[in-house]
Each structure stands twice: as structure tokens, then as C-alpha cells.
Amino acid sequence: MVLEINTISKRFGGVQALMDVSFQVKKGEVLGLIGPNGAGKTTMFNIITSMFPPTSGEVVFHNQDITNMKSHAITKVGICRTFQNIRLFPEMTVLENVTVGQHCRSRSGVWSGFFKTKSQKTEEEQIRSKALGLLELVGLEEHKDTFGENLAYGQQRRLEIARALASEPSLLLLDEPAAGMNEKETNDLFDLIQKIKQLGVTILLIEHDMPLVMRTCDRIVVLNFGKKIAEGIPDDIKNNPEVVEAYLGKEEEDEFA
């Protein structure tokens with residue numbers, strides 16, 4: 001098992017954002033985490049990546065308790081994420097944005113960089129080569145010298161994914177990657193997720209685009225008001241009346257099509 005969420009609860013003052021939520025993420029799968037706005041999905045991501053601690057419960061990654069581990073250490077052990085709101089370095093080039101993502105795997109120290117040692121130069125070349133490979137994966141190799149802020153919206157989304165992959169995660173957390181995308185961009189995102197999965201990276205996905213969720217995810221966990229109300233394969237979730245009512249409303253069942 002890659003990730004185990006064990007009875008996680010989170011309270012913000014008088015607001016109970018999560019209540020005794022448990023689920024597991026299996027190696028090599030795409031697990032969807034869905035629910036209406038305010039269900040606690042991003043709060044769960046923030047707890048997994050130690051942006052803030054849970055009130056109770058534990059997060060276990062590859063049999064290691066990582067609850068309350070520092071955020072930089074979370075990246076080091078193999079978890080990386082994207083965000084609802086794109087967080088690129090706008091005045092850095094596309095290539096530079098991706099190379100920054102590899103800093104946690106860099107072996108050269110301060111003195112190696114200062115004196116430009118042979119090992120440091122070799123590592124720089126390896127980092128650049130890997131970054132170019134990731135840009136090819138996400139379809140941005142022709143834009144390597146473009147500033148991040150000058151990319152189209154969908155391209156910025158793909159760049160953020162490439163930067164996350166640069167840290168060599170075994171678990172990638174995608175927070176609404178299709179938000180704001182048109183139909184073509186969404187289809188391209190689906191293809192990209194399949195490629196990432198084929199690389200052996202496990203994916204935990206938050207997404208409101210239900211058709212994308214249904215064709216992308218192997219399993220789905222549903223949250224509502226901070227509680228888990230369902231878990232199963234897409235067909236089970238699609239036909240679960242409680243999920244349809246809680247997430248979409250009785251009159252919008254066709255959204256799952």
C-alpha cells in the first residue's frame with residue numbers, strides 16, 4: 001500500500017473540516033477524491049503534505065508514519081502535489097520552472113556550486129536533460145525558453161505537473177488539474193495522466209469534472225461535509241444514490257455520464 005489515511009480529523013476552531021476519514025491508495029492506481037465544495041478534499045491534501053497538522057489520526061506512506069513531518073521532508077520521501085491555483089514562477093522560463101522542481105534530489109552542495117566542480121557540472125547537465133524529457137512528456141518542449149507567465153492556461157497546468165514530476169514522486173497529488181480547461185485541454189490532460197500512470201507513479205486526484213473522473217480513476221472516495229460517504233469503482237459511485245444526491249443534487253445525475 002502506498003498511502004494509508006487512518007481516521008483523520010481536522011477542526012478549525014468551531015468548524016469540523018474532516019471527521020474520522022480513512023482510505024488507502026494502492027500502488028499504481030489513480031484514486032479519485034471527490035465531493036462538493038467544502039467537503040474537505042483540499043484539507044486532506046494539505047494534511048498529507050503537512051501544510052498543517054491533523055487534529056487526530058495518522059498518515060502512513062510506504063509503511064512510514066509521516067504525520068506532522070516537515071513539508072520539505074514530505075517531498076523528499078516521494079510525495080508531491082499541484083494546487084487549485086497555479087503556482088509557477090512567472091518570470092522564469094518553462095525549463096527553469098521544471099529544473100527548480102529537482103532541487104530536493106540535488107546532491108551537489110554549496111561549495112560544489114561555488115567552484116563549479118566537475119561533479120556539479122555533470123549534475124546540472126543531468127538535471128537539464130531530465131527537465132527536457134519532462135517537457136516532452138507534457139508537450140511543452142517547444143516552449144522551453146518561454147516565460148511561465150506567457151503560456152496559455154492549459155499549458156501552465158501541464159507545466160505545474162511537469163515541475164511536480166521533477167521531484168521524482170512515487171505519489172502525485174493533483175488538485176483540480178482540469179479546472180478552467182476546455183474540452184481539448186481536458187482530453188489532453190486525460191492522456192497525460194495515463195502516461196504518468198504508465199511511468200509507475202501513483203496518483204491521488206481531486207477533480208470536479210465528473211466525466212474525466214469516471215474514465216480516469218480506478219477507484220473513487222467520496223467526501224461530504226468532512227465525512228467519507230462512499231468508496232468504490234466508478235460504476236459503483238456513479239450508481240450510488242447518496243453520492244449523486246450529496247455531490248450533484250437529484251436533478252443533475254447526468255453529470256456522471
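**Close-up views of a predicted model**

**View 1. Helix α6, its span and its cover.** Helix α6 covers residues 153–165, 13 residues in total, and spans 19 Å from first C-alpha to last, close to the 18 Å expected at 1.5 Å a residue. The model shown here and in the other views is predicted. Most of α6 is covered, with 12 of its 13 residues buried. The buried set begins with Gly154, Gln155, Gln156, Arg157, Arg158 and Leu159. Glu160, Ile161, Ala162, Arg163, Ala164 and Leu165 are buried too. Charged side chains are included in this set, among them Arg157, Arg158, Glu160 and Arg163.

**View 2. Strand β7, buried on both faces.** Strand β7 runs over residues 171–175. Five of its five residues are buried, so the rest of the structure largely encloses the strand. One side of β7 carries Leu171, Leu173 and Asp175, all buried. The other side carries Leu172 and Leu174, also buried.

**View 3. The parallel neighbours of β7.** Strand β6 (residues 79–81) pairs with β7 in the parallel sense, over three bridges. Here Arg81 stands opposite Leu173 of β7. Strand β8 (residues 202–206) also pairs with β7 in the parallel sense, over five bridges. Leu173 has Leu204 as its bridge partner in β8. From β7 the chain crosses through helix α7 (residues 183–198) to β8. This β-α-β crossover is right-handed. Leu173 thus appears in both pairings, opposite Arg81 and bridged to Leu204.

**View 4. The open antiparallel sheet.** Four strands form an open sheet in the order β2-β1-β4-β5, and their pairing is antiparallel. At the edges lie β2 (15–25) and β5 (64–65), each pairing on one side only. β5 pairs with strand β4 (residues 56–61) over two bridges, in the antiparallel sense. Val60 has Asp65 as its bridge partner in β5.

**View 5. Helix α1 across the sheet.** Helix α1 is formed by residues 41–48. The helix lies across β1 (3–12), β2 and β4. Its direction makes an angle of about 115° with β1.

**View 6. Confidence along the chain.** The average pLDDT of the chain is 90, and 89% of the residues score at least 70. Over residues 109–115, the pLDDT falls below 50. Beyond near neighbours in sequence, this stretch has three contacts in the model. Where pLDDT is low, predicted coordinates should not be read in detail.

Conventions:
Residues are numbered from 1 along each chain as its sequence is written. This is a predicted model: local features need pLDDT of at least 70, side-chain atom pairs count only at pLDDT 80 or more; totals for chains, interfaces and linings use all residues. Side-chain values use heavy atoms; hydrogens and water are left out. Buried means under 20% relative accessible area, exposed over 50%, partly exposed in between (1.4 Å probe, protein chains only). Two strands pair if DSSP finds at least two bridges between them. A crossover is right-handed if, with the strands pointing away from the viewer, the path from the first strand over the helix to the second runs clockwise. The expected span of a helix is 1.5 Å times one less than its number of residues. Contact means heavy atoms within 4.5 Å. Axes are lines fitted to C-alpha atoms, for helices over the stretch in contact, and angles run from 0 to 180 degrees between N-to-C directions. pLDDT is the predictor's confidence in each residue, from 0 to 100.
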